[in-house]
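Got a few minutes to walk through a fold together? Have the sequence and the 3D view open, and we'll take it a question at a time.

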Amino acid sequence: MLRTKAYGHLTSRHITLSKTQPIPQHQLPVVQKLLLLLKYCSSINSLQQIQTQMLINSIDKPNFLLSRIIDLKDLTYASLLFSRIPEPDDYAFNVMIRGLTTTWHNYSQALQFYYQMRFSGLKPNNFTYPFLFIACANLLELSHGQAGHSSVFKIGLDSDGHTMHSLITMYSRCGELGGARKVFDEILERDLVSWNSMISGYSKMGYASDALRLFAKMMEEGFMPDEMSLVSFLSACGDLGNLNLGRWVAGYVVKNKMEFNSFLGSALIGMYGKCGDLLSARRVFDRMQKRDVVTWNAMITGYAQNGMSDEAIKLFQSMKEAVVKPDMTTLASVLPACGSIGALDIGKWIETYASERSLHHNIFVATALLDMYAKCGSLDNALRVFEEMPVKNEVSWNAMISALAFHGQAHEALSLFQRMSREGASCPNDITFVGVLSACVHAGLVDEGQQLFDLMISSFGLTPKIEHYSCMVDLLARAGRLYEAWDFIDKMPGKPDEVVLGALLGACQKCKNADISERVMQRLLEIQPSNSGNYVILSKILADLKRWDESAKMRLLMRQRGVPKTPGCSWIEIEAELYEFHAGDNLWYSIGTHQVLNLLIEEMKREGYVPNVKCI
């Protein structure tokens, strides 16, 4: 049940309000002066001085004070003033609901004020419902939004544009796009905001094709898109990977001499990034004269999501040099880049930065942190971050389970899976099972893996995907049960991909099984004819079996098809700077670095490590 928060414990000598009374004529000049001062005051201290003068002169204008306090963003003082009004009217309630929604983003309290308003006998109006629906949208409170929708019809506000637009947003955010479209279709006279609300709803909820179709229909009906329309359109183009339509927007902006601001520029960068055109994205970024944190985030995210981790980190460093403060989106974008190339020092700096700004407990930042630590080999730090998280979601659990699996901690990964299932706050999903099946693969737990594969279907109602079949094939293949693994591939719904077949081919190399290797290779050459690794592995298998002619034919086939052998690549971090080198490069690094590498090699030999040159 929703209850209004009480502020009785707050007291102030400045606030003693009574029911509003008519102001005597001789006080009008004083009233006008004080209200003018109130309009232009820029601090709470100034406002309190004005309020004191109003009290001295018996001028009771709480609504004017309340509105100005909200403009000055002092929630505690606004709540205190509101609680001292004996009988707040609809204006007082509306201004509080608006402030809680748009200024403080305290959507739960906005909802409480709405119900308090109704319980007090006041009727919500067209200044109430738009903000109620915004609050419901952010809280995903569909039932409260639907109740508000019913009230809107009862009092005849279904023709009010602002109310209908907020209602479309509420239904969209709550995943009820059918309800949103019904509201949109029932608007008799649609304006550009109506179209934008519905297009944005489709775009943000992942219905990109519907967003593009509605955009086209909007233009057919004679509406010219504005900045908001184009941003939603660009987002949909990025989701669909439709680079041509995205480029049309860039041309439209130039042709119509629209302002190329941060909002539009960031959307264009994001679209290019999702479509993989990083050169165009960077051109837009470099051309922008004013870059805010959203613009930097768009470019960093584009690099990170396209595997260009070096560029993402370099741009992050440039962002710091430009004295632009990274936010939680920045951190959640750059941390995966750190993890992918082992930039542990930069990752640690980010955790310190996040802690100093109370961002380290944000679920997205914390999950990215633990994933970064795990990929950089610091499993203890990953576990520490995980256990310190006040709230965990499915992504957090999955990241930690996968980290344990990756580090060979199979039993710990399975134990964490059981804990996740037992606590019940987050339900295991298909990604969770990829993690636990991978753990079984690394530890050779064949029976446990088969049980988990059956469990995901029978107990959790999940349909196995290609990743789950890949794990099972890998699990059986590593155990030497190659024919069982091949039978498993044959029973798969749909064709196996290169991941499944590659796992089996690798096991065939270890077991020197040419029969299954040739079957696998036949399928691999159909779906992945340009992967040099497949040719090399089968050639080595045949060579190990002394089938020299067939081995040579595989190498010849590789050359005839023009398939280049991809060189090995690695990175080294020296004093927070990352350097990349490939197999066959000249030894560019310093003598000191060379000496450290030689020491590491000697230590590995003392531990008994012998390089497996057969796989090179």
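What follows is a set of questions and answers about this structure.

This is a predicted model, where local features need pLDDT of at least 70, side-chain atom pairs count only at pLDDT 80 or more, and totals for chains, interfaces and linings use all residues. Residues are numbered from 1 along each chain as its sequence is written, and side-chain values use heavy atoms, with hydrogens and water left out.

Q: How many helices and strands does the protein chain have?
A: Helices (H or I, at least four residues) and strands (E, at least two) are taken as DSSP runs and numbered from the N terminus. Counted that way, the protein chain comes to 33 helices and two strands.

Q: What percentage of the protein chain's residues count as buried?
A: Buried means under 20% relative accessible area, exposed means over 50%, and partly exposed is in between, using a 1.4 Å probe and protein chains only. The protein chain has 616 residues, and the share that counts as buried is 44%.

Q: Which helix gives the most to the largest nonpolar core?
A: A nonpolar core is a set of buried Ala, Val, Leu, Ile, Met, Phe, Trp, Tyr and Cys residues joined through side-chain atoms within 4.5 Å. The largest one here has 178 residues, and Leu66, Met170, Met400 and Leu504 have the most contacts inside it. With nine residues, the top contributor to this core is helix 21 (residues 363-375).

Q: Which residues does Leu66 touch, not counting those up to four places away in sequence?
A: Leu66 is one of the buried residues of helix 3, a helix (residues 62-71) in which eight of ten residues are buried. Contact means heavy atoms within 4.5 Å. With residues up to four places away set aside, Leu66 touches Ala78, Leu81, Phe82, Ala92, Val95 and Met96.

Q: Which residue with a positive phi follows helix 3?
A: Look just past the end of helix 3 for a phi near 65°. The residue there is Lys73.

Q: Are helix 13 and helix 14 roughly parallel or roughly antiparallel?
A: Axes are lines fitted to C-alpha atoms, for helices over the stretch in contact, and angles run from 0 to 180 degrees between N-to-C directions. The axes of helix 13 (residues 227-240) and helix 14 (residues 243-255) come within 9 Å and cross at roughly 155°. The contact includes Leu230 and Phe233 of helix 13 and Trp248 and Tyr252 of helix 14. Angles under 35 degrees count as roughly parallel, over 145 as roughly antiparallel, 65 to 115 as roughly perpendicular and the rest as oblique, so helix 13 and helix 14 are roughly antiparallel.

Q: How far apart are the axes of helix 10 and helix 11?
A: In this pair, Leu177, Ala180, Arg181 and Phe184 of helix 10 meet Ser194, Trp195, Met198, Gly201 and Tyr202 of helix 11. Helix 10 (residues 177-186) and helix 11 (residues 192-204) pack at about 165°, so they are roughly antiparallel. Their axes are apart by 10 Å.

Q: Is Thr330 buried or exposed?
A: Thr330 sits in helix 19 (residues 328-341). Neighbours within four places aside, Thr330 is in contact with Val293, Asn297, Ile300, Phe316 and Met319. Its relative accessible area is 0%, so Thr330 is buried.

Q: And Phe406, is that buried or exposed?
A: Phe406 belongs to helix 23 (residues 394-406). The C-alpha atoms of Phe406 and Val441, 35 residues apart along the chain, are separated by 9.9 Å. Relative accessibility is 58% for Phe406, so this residue counts as exposed.
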